[in-house]
Amino acid sequence: MKQLKKDLFIYALFLILSVIFYFIVIPNEIVLRSSWGGEVSFTSRTFPYLIFIIVGASSLIGLITTFLKIKQKHKDGIEKETKETFLTVINNIKMPVVFMLLIILYGFLFDKTGYLIATLIVPSLFLAVMKCRKWQYYVILYGFAIIVYLIFRFVLRIPL
Amino acid sequence: MFDIILQIIQPMHILMMFVGVTAGIIIGALPGLNVVFAIAVLLPFTFGMDSIASMYMLLGTYCGGTFGGSISAILINTPGTPSSCATMFDGYPMSEQGKAGDALKIALFSSFSGGIISCVALIFFAPQIANLATKFGAPEFFALCIFGMSAAIGIAGDKVIKGVIMASLGLLFSTVGIDSTEGVPRFIFGNMYLLSGISPVALMLGVFALSEVIVKSVDFINNSHIKKIEIVYSKATIKVKDILKYWKTILRSSFIGVIIGAVPGTGGGISSMLSYNEAKRNSKNPEKFGKGSIEGLVAPEAGNNATTGATLIPLLTLGIPGDASVAVLIGALTMQGIVPGPSLFREGSKWVYVIMGGLFLINVIMLIQGSSFIRLFANIIKVPIEILTPAIMILCVVGAFSISLSVFNITVMIFFGILGYILRTNDFPLAPLIIALVLGNLMESNLRRSLMLSQGDPLIFFKKPISLLIILLSIFSLVYPIIKKMIDKKKNGKAVC
């Protein structure tokens with residue numbers, strides 16, 4: 001039931017996005033050459049329009065079928081719902097968000113300070129978040145990072 | 001001919017085959033890391049290489065990874081890749097009976113046999129199909145693109161709607177940048193970096209590799225209390241002649257693998273399952289299946305590796321990927337400036353024959369490496385997740401940067417990594433996204449050309465017999481899983497009554 005409700009939300013989101021893209025984003029983001037307008041049946045907008053028609057139609061079908069499934073489950077009384085509190089939701093998304101932030105931090109530091117400093121900081125933070133206390137793992141990881149640096153810098157000649 | 005052999009056996013090329021096979025087996029053996037992931041992660045290492053060396057390395061990864069998945073399936077009852085799910089059924093029971101070494105040897109030899117048969121099919125059929133493809137026009141190519149995508153959506157099972165949305169997203173991402181026909185920028189949102197489009201390699205690294213980093217790390221945190229599994233390895237005592245007793249099963253499964261692999265958008269997962277079922281159906285001892293039957297192990301392993309050469313048939317002849325792994329290979333080819341399709345087979349071009357011939361050697365190398373270091377590879381499963389995930393993150397970021405020495409690609413990769421994680425955790429299949437991404441340009445240009453030819457009449461796709469046939473097949477592959485589900489539901493309902 002929880003997944004069905006999630007699906008309902010996702011399909012609704014895709015439906016709204018496809019409407020926004022169809023009516024607002026495509027006309028604004030794909031500016032046709034005025035001399036071609038009206039004469040050509042297939043323009044740069046045609047394919048994206050088709051894509052959003054498909055996304056919109058699929059989302060609508062998904063929305064209806066998921067809604068019917070939820071209704072059926074309520075009718076059958078198959079599953080008793082356990083109510084999700086705000087705290088459990090936060091707990092569920094806490095760790096993925098932490099790892100996403102670490103990855104973003106790595107990308108940011110890579111840009112600002114370069115490979116070596118970024119790699120010195122973030123992977124060890126990764127291990128710390130995973131509550132790793134074995135120093136050997138830190139050594140192995142840094143050894144790996146050095147090997148990657150040497151391969152890319154001197155074999156593939158990529159200036160990290 | 002002699003030229004081709006000389007090209008294949010160049011020391012650098014053989015070295016790359018070894019590296020690719022080793023990396024493939026290692027990554028494939030790690031539970032949950034699939035072949036697509038392996039190819040995506042290794043892709044950046046090929047940027048400085050010539051096209052043949054890079055293809056050998058990635059094809060080695062492809063073949064090695066397909067076999068590598070069976071190692072964890074046999075030893076810890078967890079498939080390394082989706083294509084080794086059926087390997088677990090009899091591989092793990094053999095392992096429990098103290099025959100882990102035998103099971104790994106059977107898996108290796110069957111994989112090798114399937115791979116070689118697949119190479120023969122590739123060399124034999126690819127030129128014929130390429131020859132036929134030269135007669136294809138825009139409507140046929142458009143229909144083929146539809147078929148490739150619908151097959152990828154179809155194998156997602158009951159997630160057809162989610163598959164369609166993912167394929168549409170893939171097509172959408174392929175439209176970003178300057179439209180090659182009209183020169184009009186699309187979806188660049190004022191960002192000049194997007195004028196050249198979204199790098200497929202950055203997208204694939206994000207969707208397949210970086211999202212895996214988040215998945216694995218979160219899993220580790222949530223399941224850190226679970227006791228680690230001990231691996232018990234025993235030396236192989238089985239002889240090759242004992243495996244060859246099942247030559248009929250090997251041949252049948254390889255044949256299934258070749259057919260499935262040659263269908264655009266499918267892959268090893270289906271062929272191994274189908275091969276297993278067929279082997280059981282034709283076996284004299286079907287009751288032994290699931291209890292450590294050699295036949296039950298031979299079939300899926302020959303079946304899944306038999307797709308490795310066959311998936312290259314639609315790639316090299318039509319420019320359409322056979323499965324998601326091969327879709328990543330298209331990314332590598334694009335970086336090398338090679339456009340897959342019938343033009344590769346034109347007279348004078350040896351490149352494609354060097355690649356096809358090299359695949360033979362890759363399978364031989366896989367057999368040699370597997371036989372010599374199987375115990376070492378078996379220990380790969382013990383690599384701690386704590387080391388694995390940050391190491392993959394480092395590779396992803398460095399790899400994305402290497403695409404064009406630009407930090408922008410790192411941003412793209414991180415964006416798609418997060419998007420990939422959200423989509424995966426909500427049960428959205430990733431294969432249609434990637435296949436649609438690589439087919440997007442081909443599809444749009446052929447749709448445009450077809451409509452120009454017919455002066456805007458969409459019936460052109462139904463008036464040409466080949467295109468009509470392909471479109472009907474596409475509809476069937478899309479609708480079949482839904483109908484099958486409905487029939488199964490009805491049957492189950494009756495059984496309950």
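User: How exposed is Leu17(A) in relative accessibility?

Analyst: In this predicted model, Leu17(A) has 36% relative accessibility and therefore counts as partly exposed. The term applies between the limits of 20% for buried and 50% for exposed. Leu17(A) belongs to helix H1 of chain A, which spans residues 2–29.

User: Which residues form a nonpolar patch on the surface with Leu17(A)?

Analyst: The patch consists of Phe9(A), Leu13(A), Ile16(A), Leu17(A), Val19(A), Ile20(A), Phe23(A) and Ile24(A). Together these residues have about 770 Å² of accessible area.

User: How should aromatic pairs be read, and how many are there over all chains?

Analyst: Two rings count as a pair if their centres lie within 6.5 Å, and the angle between the planes then gives the type. By this rule there are 20 aromatic pairs over all chains. One of them joins Phe21(A) and Phe52(A), with 4.8 Å from centre to centre and 20 degrees between the planes, and is stacked.

User: Which parts does the pair of Phe21(A) and Phe52(A) tie together?

Analyst: Phe21(A) lies in helix H1 of chain A and Phe52(A) in helix H2 (residues 46–76) of chain A, so the pair ties together parts that are 31 residues apart in sequence. Both Phe21(A) and Phe52(A) are buried.

An edge-to-face case is the aromatic pair of Tyr22(A) and Phe23(A), at 5.1 Å centre to centre and 65 degrees between the planes. Tyr22(A) is partly exposed, at 27% relative accessible area, whereas Phe23(A) is exposed, at 59%.

User: Which residues form one aromatic cluster?

Analyst: Tyr106(A), Phe110(A), Tyr115(A) and Tyr149(A) form one aromatic cluster together with Phe401(B).

User: Which ring has the charged end of Lys162(B) over it?

Analyst: For such a case, one looks at how far the charged group is from the ring centre and how it stands to the ring normal. The charged end of Lys162(B) sits over the ring of Phe428(B), at 5.1 Å from its centre. In chain A, Arg153(A) lies over the face of Phe154(A), 5.8 Å from the ring centre.

User: How many salt bridges does the structure hold, and how is one recognised?

Analyst: The test is a side-chain nitrogen of Lys or Arg within 4 Å of a carboxyl oxygen of Asp or Glu. Over all chains, the structure holds 13 salt bridges. In one of them, the closest N and O atoms of Lys350(B) and Asp3(B) are 2.8 Å apart. This pair links distant parts of the chain, 347 residues apart: Lys350(B) is in the loop between helices H15 (324–335) and H16 (351–379) of chain B, and Asp3(B) is in helix H1 (residues 2–8) of chain B. Lys350(B) is partly exposed, with a relative accessible area of 40%, and Asp3(B) is partly exposed, also with 40%.

User: Which residue forms a salt bridge with Glu212(B)?

Analyst: The partner is Arg424(B), with the closest N and O atoms 2.6 Å apart. Glu212(B) is in helix H9 of chain B and Arg424(B) in helix H18 (residues 408–425) of chain B, 212 residues apart. Glu212(B) counts as buried at 5% relative accessibility, while Arg424(B) counts as partly exposed at 25%.

User: Which other side chain makes a polar contact with the side chain of Arg424(B)?

Analyst: The side chain of Ser211(B) makes this contact, at 2.9 Å. Ser211(B) lies in helix H9 (residues 200–222) of chain B and is buried, with a relative accessible area of 0%.

Notes: Residues numbered from 1 in each chain as written. Chains lettered and ligands numbered in written order. Predicted model: local features only at pLDDT ≥ 70, side-chain atom pairs only at ≥ 80, totals over all residues. Heavy atoms only, no water. Patch = residues over 30% accessible without salt bridge, like charges linked within 9 Å, V, L, I, M, F, W, Y side chains within 5 Å. Areas by Shrake-Rupley, 256 points an atom, 1.4 Å probe, with all protein chains shown as cover. Helix = DSSP H or I, 4+ residues; strand = E, 2+ residues; numbered from the N terminus. Buried < 20%, exposed > 50% of the residue type's maximum accessible area, 1.4 Å probe, protein only. Phe/Tyr/Trp six-rings, centres within 6.5 Å; stacked < 30°, edge-to-face > 60°. Lys NZ or Arg CZ within 6 Å of the ring centre and 35° of its normal. Polar contact = N/O pair within 3.5 Å; in protein donor to acceptor, adjacent residues only side chain to side chain.
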